[in-house]
Amino acid sequence: MAKRNRGLWETYDRYIEAIALNRRPITVARYRYRLSDFIRHLKSTHRHLRSFCELRRRHIEGWLRYEASRKVPTTNSLLRKSTRRHNVIEVRHFLEELSALGWEEAPPEGLFLRSDLAVATLRRAPSEVIR
């Protein structure tokens, strides 16, 4: 595995351990997958980030654009709108929980806008949706 940005990954590991105490294994697995994808995107596009507290709206906007254009490798089809919506909800929830838990790695408030969910669920032509 490639060398990780330790700050982001350490927060991720700590969070996954915390939610594993009181959430179903399938929920933990879903968070593990979606959050690791979010961190990999941040690491590839914003190598300077060392902590979630350094996140700004521009980072979220870039990730939202990435999500909107992301394709499933096996089918080369865009992600379904429901998948994109769940990705946005779970990343937003993760970042908000860091604040609620009082972790020093917590990002500033206001990174996500209500309209971000609408962007994640924009309609597409039927040929672009995975069946």
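# Notebook: helix packing and core

I began with Tyr12, which I found in helix α1. The model is a predicted one, and I kept that in mind for every entry below. Tyr12 is buried, because its relative accessible area of 5% falls under the 20% cut-off. I then looked up a partner far along the chain: Tyr12 and Leu35 stand 23 residues apart in sequence, while their C-alpha atoms are 7.5 Å apart in space.

**Overall layout.** I next read off the secondary structure of the protein chain, which comes to five helices and two strands, and from the N terminus on the elements follow the order α-α-α-β-β-α-α. Of the 131 residues in the protein chain, buried residues make up 42%. I also checked the contacts between residues at least 6 apart in sequence, and 67% of these join residues at least 24 apart.

**Core.** Which residues of the largest nonpolar core touch the most other members? I noted Tyr15, Phe38, Phe52 and Leu95, out of the 28 residues in that core. The elements that contribute two or more residues to this core are α1 (6–20), α2 (25–45), α3 and α4. As background, I wrote down that nonpolar side chains in soluble globular proteins tend to be buried together. I followed Tyr15 further and, setting aside its neighbours within four places in sequence, listed its contacts as Arg23, Tyr31, Leu35, His93, Phe94, Glu97, Leu98 and Trp103.

**Lys43.** Buried or exposed, I asked of Lys43? This residue lies in helix α2, and Lys43 is buried, because its relative accessible area of 19% is under the 20% limit. Its C-alpha atom is separated by 8.8 Å from that of Leu8, and the two residues are 35 apart along the chain.

**α2 against α3.** I turned to the helix pairs, each described by the angle between the axes and the distance between them. The axes of α2 and α3 cross at roughly 115 degrees and come within 11 Å, and the two helices are therefore roughly perpendicular to each other. I recorded the crossing of α2 and α3 as right-handed. On the α2 side the residues are Asp37, Phe38, His41 and Leu42, and these meet His59, Ile60, Gly62, Trp63, Tyr66 and Glu67 in α3. By class, the contact of α2 with α3 divides into five nonpolar, three polar and two charged residues.

**α3 against α4.** Helix α3 (residues 57–69) also packs on helix α4 (residues 81–100), with an angle of about 155 degrees and axes 10 Å apart. That angle is over 145 degrees, so α3 counts as roughly antiparallel to α4. The crossing of α3 and α4 is right-handed. I listed Ile60, Trp63, Leu64, Glu67 and Ala68 from α3, and Arg84, Asn87, Val88, Val91 and Leu95 from α4, as the residues that make the contact. The contact of α3 with α4 has seven nonpolar, one polar and two charged residues. Reading back, I saw that Leu95 of this contact had already appeared among the core residues that touch the most other members.

**Asn76.** My last entry concerns the loop between β1 (71–72) and β2 (77–78), where Asn76 lies. Asn76 is not a glycine, and yet I found a positive phi of about 60 degrees there. Its relative accessibility is 53%, so Asn76 counts as exposed, the threshold being over 50%.

Conventions
Residues numbered from 1 in each chain as written. Predicted model: local features only at pLDDT ≥ 70, side-chain atom pairs only at ≥ 80, totals over all residues. Heavy atoms only, no water. Axes fitted to C-alpha atoms, helices over the stretch in contact; angles between N-to-C directions. Helix = DSSP H or I, 4+ residues; strand = E, 2+ residues; numbered from the N terminus. Parallel < 35°, antiparallel > 145°, perpendicular 65-115°, else oblique. Left-handed = near helix turned anticlockwise from the far one by under 90°. Contact = heavy atoms within 4.5 Å. Nonpolar A, V, L, I, M, F, W, Y, C, P; charged D, E, K, R; others polar. Core = buried A, V, L, I, M, F, W, Y, C linked by side-chain atoms within 4.5 Å. Buried < 20%, exposed > 50% of the residue type's maximum accessible area, 1.4 Å probe, protein only.
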